[in-house]
Amino acid sequence: MAKKNKNNSTILRLNLLFVTVFILFSAIILRLGFIQIVKGDEFLEKSNAVTKTTYKWNAPRGKIYDRGGNVLVENEPIYTLTYSEADDTSKTDTLETAKKLSSMLTIDTSKVRDRDKKDYWILLHPEEAQKKVSDKEREGKDDKEQYHMLLDRITDEDIASITPKEMQIYTIKSKMDQDHAGVNRIKEGLTDQEIAVVNEHLDELPGIDVKLDSKRKYKHGDTFKQIFGKVAAIPLEKADEYKKQGYDMDDNVGKSFLELQYESILQGTKEKQTFEKNSSGELTGSSKKTEGSTGKDVLLTIDMDLQKKVDSIVESELRKEPSAKGAYVVLMNPKTGEVLSLSGKSRNDGKIEDETYGTLQNSYEMGSTVKGATLLTGYNTGAIKPGQIFLDAPVKLSGTPVKKSWTNMGYINDLTALERSSNVYMFHVAMKIGHYNYDTRSGFKNPEEAYDKMRKHFAQFGLGVKTGIDLPNEATGYNGGVQRLGNLMDFAIGQFDTYTPLQLAQYVSTIANDGKRMQPHLLKEVREPSHETGKDAKTISTFEPVMLNKLPMSESQIKRVQEGFHLVMHGSQGTATSSFQSASYDPAGKTGTAQVSNGRGGYNYNLTLVGYAPFKNPEISMAVVVNNINSSSSVINKNIGRQVMDAYFEGKEKQKKAEPLSE
C-alpha cells in the first residue's frame with residue numbers, strides 16, 4: 001500500500017512538471033508571436049535605425065568698414081582649447097585634466113584675483129587652513145562667517161607660497177569650472193606646438209577639444225576700439241536666451257557696443273554636415289550638408305582719417321593742460337544724424353588713456369552752452385519775447401548767494417546775452433518761467449511745474465534724455481530733482497542737471513537743423529560679405545535718417561538763437577570770436593564754463609563748446625567738453641574746437657581734389 005502511494009505521488013509530481021513546462025513553453029511561444037507579429041515592425045525599424053552625428057564649422061564674423069569703405073575690423077584665424085564637462089565628471093577628474101594641460105600649454109595668470117588665490121591656497125593646504133580658525137572661534141558662527149574669517153587670516157606670504165606651476169593648474173581648472181552645463185574656453189590663440197601636443201594626447205584629456213576659431217583684428221590699433229566693442233564667450237546668465245536663438249554655448253558673440261548692437265548682422269551662419277551610421281556603425285551614404293555663410297559686413301558713418309586727427313588733437317591739447325581730467329569731442333551731421341567722430345581721452349595717474357565711451361556714458365554740468373535751449377524755452381512758454389531787454393546786474397535773493405554774470409553788462413537783449421554769455425539774462429528767463437516777480441520778490445509758488453516745464457523743453461533738444469544712438473547703455477545724465485528758485489536759475493545756465501557730450505552734440509545739431517532733432521547713428525549700410533574691399537560689395541540695406549521730433553518753437557524764434565550763436569563767433573564781443581572769426585567755413589556756436597566742486601572746498605571748471613558750420617547750410621556740428629580744469633581762463637575748449645573743425649574742412653577739400661574730374 002505504501003508502495004502504491006509512493007507511485008501515485010511520483011506520477012503527480014511528473015504531471016505538475018509537465019504542466020509547468022507546457023505553460024512555460026506556451027508563454028514563450030506567445031511572447032515570440034507577440035514580438036514577431038505585434039512588435040515586428042518596431043524591432044525591424046530599430047534594427048535598421050541610424051545614428052546621426054552633426055559637425056559644425058564656424059563662419060567668419062562680418063567685417064566693419066568706415067564710411068569710405070576702408071576696413072576697420074576683420075578676422076584673424078586662431079585655434080581655441082575648449083572643455084565640456086561630462087555628467088559623471090568629478091572635481092578630481094577636472095583637477096587631473098588641469099594638471100596634464102598645465103604641462104602642455106601656458107596660461108596667463110596675471111588676472112587671477114587675490115581672493116581666488118586664497119581659495120586655491122585653502123584647496124592646497126586644507127589642514128593648515130583648518131588651524132587658522134580655532135574651534136572656539138567657530139562656535140556660534142555659520143559656514144559663511146567661518147569662511148570669511150579664514151580668508152582674512154590668509155597672509156600675503158601664504159599666497160606667495162603658491163608656485164607658478166600650481167597657479168597655472170588653478171587657472172586652467174577655474175576656466176574648466178566656469179559653466180558646468182556648457183562649453184568653456186580654456187585658451188584662445190594656441191601656438192603650433194601647443195596644438196600638436198594637445199592633439200597627441202586628446203585620448204587622455206576627457207572633454208578637451210581643439211577647434212578652429214577666429215578673433216577680431218583691428219586695422220588701426222586702439223583707435224575707436226572701445227566703440228567697436230568686444231567679442232567674447234556667451235555670458236552664463238544669458239545662456240538660455242542665446243540657446244533659444246540657435247547659438248551653441250561655445251560660440252563667441254558681441255558683448256558690448258557695436259559688436260553687441262549688431263550681433264544679428266555680424267554673426268555668421270555655421271556650416272553643418274550630418275553623417276548617418278547604421279546599427280553596425282557603417283556610414284549609410286546619406287550625409288546631409290547645410291551651407292554656412294559669413295556674417296554681413298557693416299559700413300559705419302565714421303570717417304577714420306578724421307577720427308585719428310580728432311584723437312590726436314584732443315590728446316595734444318590735454319598734454320598742454322595738465323590739470324584737465326579729460327576731454328571729449330562729438331562730430332556729427334546735423335541734417336542726417338550721421339556720427340563722423342567720437343573721441344574721448346582721460347588722464348589717469350598722469351597717463352592719458354582712451355575713454356571714447358565717455359562721449360555717451362559720462363555726464364557733466366555743461367555751463368553756458370545750453371543757453372540756446374533756455375532762450376527757446378522762454379520764447380515758447382511766453383516767459384519772454386525775442387528782443388526783450390533785461391538789466392544785467394547782480395541778482396539778490398533771500399537765502400541765496402548773490403548771482404551774477406562774469407561782468408556787469410547793463411541793459412542787454414537776448415542776442416547780446418548769447419554773444420557775451422550773460423548769466424543774469426538767463427536768471428531772469430528762469431524766474432519768469434517760475435512765475436517769480438523779482439521786483440516784488442514774490443511768486444514761485446509751484447516749483448515742480450517750473451522744473452518740469454524746463455526739463456520737458458530741454459528734452460526736445462535731446463538734453464536729459466537718450467539721444468537714440470545705435471549703441472547699448474547710453475547714459476541720460478543726472479537729474480537734480482526739484483529744489484529752490486536759485487537752483488532753477490543755475491539750471492538755466494547749465495549748472496544743475498548734467499548731460500553727456502553726445503546729448504550736447506544733438507542739442508546744437510537740433511538748433512543748426514532748424515529745430516529738427518535727428519537720431520544720431522553709427523550704422524550707414526549693411527553689405528554682403530566682401531573678401532577684398534568694402535567699396536564694391538552689394539548693399540543690402542541703408543540706414544535712413546530718423547527725425548525724433550520738431551521743436552515747438554517758431555521758425556523765427558529758432559533763427560533768432562541761430563543769429564545769437566553766429567555772433568558768439570563773429571560779433572565784436574563774441575566769447576569765441578578770437579578763435580573762430582578767421583575761419584573760412586563761417587561757423588556759429590556757443591561757449592560754456594561750469595563751476596564744479598574740486599572736493600577741497602574750492603572750484604574747478606568744465607569748459608565746453610558747441611558749434612556748427614557753415615552757418616547758412618550746416619553740414620557738421622560739434623560738441624567739445626573738457627572736465628575738471630583748474631582755470632576758467634583756459635581756452636582749451638576753443639583750441640580743440642577750432643582744430644577739429646579745421647580738420648574736417650581740410651579733409652573735405654583734400655577729398656574733393658582727389659576725386660577724378662568728370663568728362
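Start by selecting helix α4, residues 114-124, in this predicted model. Its buried residues are D116, K118, Y120, W121 and I122. Now show what sits over them: the cover includes α5 (126-131), α7 (143-153), α8 (156-160) and α9 (164-176).

Keep α4 and α9 on screen and hide the rest for a moment. The two axes come within 11 Å and cross at roughly 105 degrees. Angles of 65 to 115 degrees count as roughly perpendicular, so that is the label for α4 and α9. For the side chains at the crossing, pick D116, K117, Y120 and L124 on the α4 side, which meet E166, M167, I169 and Y170 on the α9 side. Notice that D116 and Y120 are also on the buried list for α4.

Next, jump to V644, in helix α25 (residues 636-658). Is V644 buried or exposed? It's buried, with a relative accessible area of 0%. Apart from neighbours within four places in sequence, V644 is in contact with V310, I313, V329, L331 and M622. Add K309 to the selection too: the C-alpha atoms of V644 and K309 are separated by 7.6 Å, though the two residues are 335 apart along the chain.

Since K309 is selected, stay with helix α15 (residues 304-320) and find R319 and E315. They form a salt bridge, with the closest N and O atoms 2.6 Å apart. The two residues are four apart, about one turn of the helix. In general, an α-helix has 3.6 residues a turn, so residues three or four places apart point the same way. R319 counts as exposed at 53% relative accessibility, while E315 counts as partly exposed at 24%.

There are 29 salt bridges in the structure, so here are a couple of others to click on. D354 pairs with K345, the closest N and O atoms being 2.4 Å apart. K345 counts as buried at 7% relative accessibility, and D354 is partly exposed at 29%. Then try D514 and K559, where the closest N and O atoms are 3.5 Å apart. D514 lies in the loop between α22 (501-512) and β20 (516-518), and K559 in helix α23 (residues 555-570), so this pair ties together parts 45 residues apart in sequence. For a network, select R61, R216, E259 and E263, which are joined by salt bridges that share partners.

Last stop: turn on the surface and select I389, L391 and Y411, which make a nonpolar patch of about 350 Å². L391 lies in strand β14 (residues 390-392) and is partly exposed, with a relative accessible area of 38%.

Definitions and conventions:
Residues are numbered from 1 along each chain as its sequence is written. This is a predicted model: local features need pLDDT of at least 70, side-chain atom pairs count only at pLDDT 80 or more; totals for chains, interfaces and linings use all residues. Side-chain values use heavy atoms; hydrogens and water are left out. Patches are made of residues with over 30% relative accessible area and no salt bridge: like charges are joined within 9 Å, nonpolar side chains (Val, Leu, Ile, Met, Phe, Trp, Tyr) within 5 Å. Accessible areas come from the Shrake-Rupley method with a 1.4 Å probe; for residues, only the protein chains shown count as cover. A salt bridge is a side-chain nitrogen of Lys or Arg within 4 Å of a carboxyl oxygen of Asp or Glu. Buried means under 20% relative accessible area, exposed over 50%, partly exposed in between (1.4 Å probe, protein chains only). Contact means heavy atoms within 4.5 Å. Axes are lines fitted to C-alpha atoms, for helices over the stretch in contact, and angles run from 0 to 180 degrees between N-to-C directions. Angles under 35 degrees count as roughly parallel, over 145 as roughly antiparallel, 65 to 115 as roughly perpendicular and the rest as oblique.
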